[in-house]
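User: Please take a close look at the interior of this protein. I am a first-year student, so keep the steps short.

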Amino acid sequence: MLSQFFDAHLHIIDPRYPLIPNSGYVPPAFTVADYREKVAALHLNVTGGAVVSGSFQGFDQQYLLAALNALGPGFAGVTQIPANTTDEEILALHHAGVRAVRFNIQRGGSESIRYLELLGKRVYDLVKWHVELYVDSRQLPGISTTLHKLPKIVIDHLGLSKAGFKHLLPLVEKGAIVKATGFSRCDFDVVTAMRQITAINPAALVFGTDLPSTRAPKPFALADLELITKNFPLSLAEKICCDNARALYHG
């Protein structure tokens, strides 16, 4: 049994701050209080996590700063920023606990992918942020040249597609991190995929709840976590569910 859990991918949806319809979709509220209530009901000993900006939050930083302040220092932020964000603004976000910039290729709402290399290198040089990508792995070959130029990348939701998974593994060999999140979004056997990733690098996989599972076919359930705890040795399960993500976000 896991003694603690670092939730590597969660969303906070606070209606006090701007929400942008994405293809007509506006998510229901899921506040810090809602998140705490949910993980308590699941009996998860969450000691930290990563609050990830969604397509429906655009470039708004207010909700993220409020969430990080409420959740405490164990939590980090993954934000979306425009390419013209100033160094001073990035430094302020870093001071508040933000540790990565996200490009949402799958749903939009983030900066254009044409700024991926420029912005990815810039934030790494300035504050050592990595880049997170919500992308169908079938699209990886089209941006592989750029991805190989970035110091550190993270791919959400196991890359989503079976057809593109073969393009994900070479990135893992080069040091990419993959999020074991949103299992119902994937069209393949996730346990097999996770075994392939950890066989290449046991430090390459990080697990998250993806709460509140916006637009996912099925919401997060304890059965998702049990796919880790029942199919991997305890020492590796602890890496996937805590140690790897803590190292990623807190160094």
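Analyst: Start with a rule for rings. Rings of Phe, Tyr and Trp pair if their centres lie within 6.5 Å. By this rule the model, which is predicted, has seven aromatic pairs. One of them joins Phe30 and Tyr35. Their ring centres are 6.4 Å apart, and the planes meet at 80°. Planes over 60 degrees apart count as edge-to-face, so this pair is edge-to-face. Phe30 and Tyr35 are both buried. Ring pairs also build a cluster from Phe5, Phe183, Phe207 and Phe220.

One ring has a charge over it. Lys128 sits over the face of Tyr124, 5.2 Å from the ring centre.

Now the nonpolar cores. Tyr35 from the edge-to-face pair and Phe207 from the ring cluster turn up again here. Both are among the residues with the most contacts inside the largest nonpolar core. Trp129, Leu147, Leu158, Met194 and Ile197 are also on that list. This core has 70 residues. Apart from it lies another core, of 14 residues. Its members include Ala8, Ala100, Val154 and Cys242. A general tendency fits here: in soluble globular proteins, nonpolar side chains tend to be buried together.

Cys242 leads to the next topic, the cysteines. How many disulfides does the structure hold? It holds zero. A disulfide needs two cysteine sulfur atoms within 2.5 Å. Take Cys186 as a case. Its closest cysteine sulfur is in Cys241, 16 Å away, so the two are too far apart for a bond. Cys242 is in no disulfide either. The nearest cysteine sulfur to Cys242 is also that of Cys241, at 8.4 Å. Cys186 is buried, with a relative accessible area of 12%. Cys242 counts as buried too, at 3% relative accessibility.

Last, the empty space. The structure holds one cavity of 30 Å³ or more. About 100 Å³ of space lies in the largest cavity. Its lining has 14 residues. Nearest the centre lie His11, Phe56, Arg107, Tyr134 and Thr214. What classes make up the lining? Two residues are nonpolar, seven are polar and five are charged.

Terms used
Residues numbered from 1 in each chain as written. Heavy atoms only, no water. Core = buried A, V, L, I, M, F, W, Y, C linked by side-chain atoms within 4.5 Å. Buried < 20%, exposed > 50% of the residue type's maximum accessible area, 1.4 Å probe, protein only. 1 Å grid on protein atoms, 1.4 Å probe; cavity = no way out; pocket = protein on both sides within 12 Å on 5 of 7 lines; lining within 4 Å. Points joined across faces, edges and corners; volume = space filled by probe spheres on them. Nonpolar A, V, L, I, M, F, W, Y, C, P; charged D, E, K, R; others polar. Phe/Tyr/Trp six-rings, centres within 6.5 Å; stacked < 30°, edge-to-face > 60°. Lys NZ or Arg CZ within 6 Å of the ring centre and 35° of its normal.
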